[in-house]
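User: Please explain how the structural terms used for this model are justified. I should like each label set against its definition.

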Amino acid sequence: MLTALPQQLIMFSGKGGVGKTTLSCGFARQLAQQHPAKTVLLISTDPAHSLGDVLQTPVDNATTPLADIANLQVRALDATALLEQFRTDYGAVLELLVERGSFVEGGDLNPVWDMGWPGLDELMALLEIQRILRDREADRVVVDMAPSGHTLSLFALMDFLDTLLEALGEFQQKHRTLTETLSGRYTPDQADAFITDMRRDLEQGRSLIQDCDRAACWVVGIPEPMSWAESDRFITALGRLDIPLGGLVINRVLQGGGHILDIHHRVLTEFEAIAQGQPVLWVPAQTAEPVGGPALDALMTLAKPLDLGQTKSSQPDQSAVVQWPTPMPPGVEDLMAAGRRLIVVGGKGGVGKTTVSAALSWGLAERHPEASLRVMSIDPAHSLGDAFGLPLTHEPTSLRPNLQAQEVSAEVVLDQFRADYLWDLADMMAGDSEIASGIQMAYGPAAWRQIVAQALPGIDEMLSLITVMDLLERNEQQLIVLDTAPTGHLLRFLDMPTALGDWLGWIFKLWIKYKDVVGRVELMGRLRTLRQRVLAAQAKLKDPQHTEFIGVVQNQSAILAEASRLTHTLAERSIAQRYIVHNRYQPGQDLPVELFPHQCIVRLAGLAPSPTPFDQVKQAAHLLLEPEHGVDP
C-alpha cells in the first residue's frame, strides 16, 4: 500500500523509538524495488543518525547507492558540512547584508560561522531538502525525520526564514535608500539577487511541503498510551502548520492465537480515531530485530491496513494476578544521600527515558520526604505528563508534598529572555541614529526586532539550560531530574554552555570595538553576568559530585550503537557517566560487556501490564533504586 503513494516527498516522524528509521528504510527499499526506473533518495535529518545501523551499511553525508538496490541512494545529512558549503555559497553576501543592517563590518562576522549554532541541524536540513527537490536529484525522496518535537521545529523554520528574509530585505532597503539619496541612482547588486532567489526557493519549498498531492508526513507509533498521546499532539500541530498527514503506521503490535491482543486492540481503536480519515497500517511485533536488507524487506510485507471491524482481539486471562517484577541488583544508589543536585537522563528516543526520569524522581522523593525535588522535561515533544497521567505545563505541578513536575515551555522562557537581553541586543545591533544628512533610518531597528520576535531556531536547548541554571541558583530544590530530548538534541543541550559562551564572547569583542558608537554599558554588564552563570553551569555539568548522567538503552543493535557513541562523546566532554539502565531486560539477554566497560549496568525488567502509565512509573521506582539499608526489596 505504501509504495502506491503518489507523493514525491514522503516523511516519517513520531515519538522517539517507535521505529521511524526502520520503517523509513524498509519503505524506501520497497519503493525502489517496485519502481526500478525511478531514483529513490533516503535521507536522515536526525542529528543522531541511525540509517547505517538499520541498513547495516556505512552511511554519511555523501549520497551513496545501496549495494543491492542500485536505484536507492542513502544519505545522512551532516549539518556541519552543509553549513560549510552554505558559507562558501552565500557567506559573503550574508555578511554584506548584515553589515548594511547593523553597525558592524562584514569581517566582524567571520567568527560566527565557526561557533555552535542553535537550530543548525533543522535549518541546514530544511535548506538541503529544498535544494534536493529543486534540483530534482531524485524522483522520490524519503526522509527519516528527527522525533516529533524537533520535526515540528524544522517545519516551523519556514516561518522563521520568511521573517529573516523580510529583515534582510529591510537591511537592503536601507542601503538602497541611502545610495539613492547620496548618488541619485541605484543599481541592483548580488544582495538583491540573493534575497530574490531565497524567497523563490522558500516559497517553492513551502508550496511543495504543504501540497498533499506532492508531500505527506506519516506518523509512526506503537500501541502504547504515551505513544498515542504524543501522536495526537503531533497530528494536531501538523494541521496548524498545513503539513499534510499521509497516515499512521502502528508498529510492534502484539498478537496471540492469530489475533491482536485486547490491550493493543483498544489502543489501535484510539489511533484510528485521530487519523483524520487517512490510512492506518499496523505491523506485528517481531521476535528478531529487523536490521539489514532481507529483514527489512520481510518486515514490509507484514504491514497491513487496519480494519478493526475484521481484526479480532484476543482477550487476556483476567483471572491472573499481576505481579511486579523482582528487583535485580545492582541498582542506582541513593543519589540524594550521595549529594547530587542534578540527574540528567538521556539516550535514544523511545528507550524509556521519561519513565526512568519519572521513576527516579518518585522513588527518591518517597525516600526523602524532608527534601524538595523537581522532575523536568526539556524535550520539546513533552511526554512527562503522560507518564504521570496528568497535564503538565511550564508552571510546576505538585505530585506529592516534596515533588514537583514541570514541562519547560520554550515560548514562556523566550519571552523572558527577550525582555532580559534580546530586545536591547537587537537595538544595539541596529546601531542607527540620524545619518545621511539628517534622514532617520528605521529599517535597521525594526528588522532586528522582527528577527528577535520570532521563535529562534534551536533555542529550546539554550533556554532549557537557562531554566535549569535559574533553579539551581535559587536553591529551592535539593535535586532536579531532567528528562531530556533524544541523543542528538541532548548533546546540543550539553554543548550549549560552550556555544552560548562563544556567542557572548563574540558580542563582547564587537562591543569593545564599537563601544564609542553603541554605548549600552548596562546591557554589557548583564551579558557578562549571564556568561559567568553559563560558565558556572558548564562546570557543574562536568562535576561528578554535582551532576549524575544516566543512560537508558534497550538491547537492540541500533540503540546500543547510538548509546555507545553517546558514551564516548560524553567522555570526550569530560561528563561522567556511571550508570546504564538496561530497560525491558529479559533473562539471558545481557548487554555485551565490551560496550560499556566503565558503567554499572542496572537491569530494569519489562514492567507488568498496568491500567495507567503512572502505575508503571511506581513499579520502575521500586526496581531501579538500591534498597535502603536494612529494608528487603
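**Strand pairing, burial and helix packing**

Analyst: Strand E10 pairs with strand E11 (residues 304-305) in the antiparallel sense over two bridges, and Leu281 of E10 stands opposite Pro305 in E11. This is a predicted model, in which local features need pLDDT of at least 70, side-chain atom pairs count only at pLDDT 80 or more, and totals for chains, interfaces and linings use all residues. Residues are numbered from 1 along each chain as its sequence is written, and side-chain values use heavy atoms, with hydrogens and water left out.

User: What makes E10 and E11 a pair?

Analyst: Two strands pair if DSSP finds at least two bridges between them; E10 and E11 have two bridges, so the criterion is met. Strands are DSSP runs (E, at least two residues) and helices likewise (H or I, at least four), numbered from the N terminus. E10 also pairs with strand E7 (residues 245-253), in the parallel sense over four bridges, where Val253 has Pro284 as its bridge partner.

User: Why is E10 called largely enclosed?

Analyst: Buried means under 20% relative accessible area (exposed is over 50%, partly exposed in between; 1.4 Å probe, protein chains only). Five of the five residues of E10 (residues 280-284) are buried, so the strand is largely enclosed by the rest of the structure. Val280, Trp282 and Pro284 point one way and Leu281 and Val283 the other.

User: Why is helix H10 called roughly perpendicular to helix H18?

Analyst: H10 (residues 353-367) and H18 (residues 613-624) pack at about 70 degrees, with axes 8 Å apart. Angles of 65 to 115 degrees count as roughly perpendicular, so the label applies to H10 and H18.

Terms used: Axes fitted to C-alpha atoms, helices over the stretch in contact; angles between N-to-C directions. Parallel < 35°, antiparallel > 145°, perpendicular 65-115°, else oblique.
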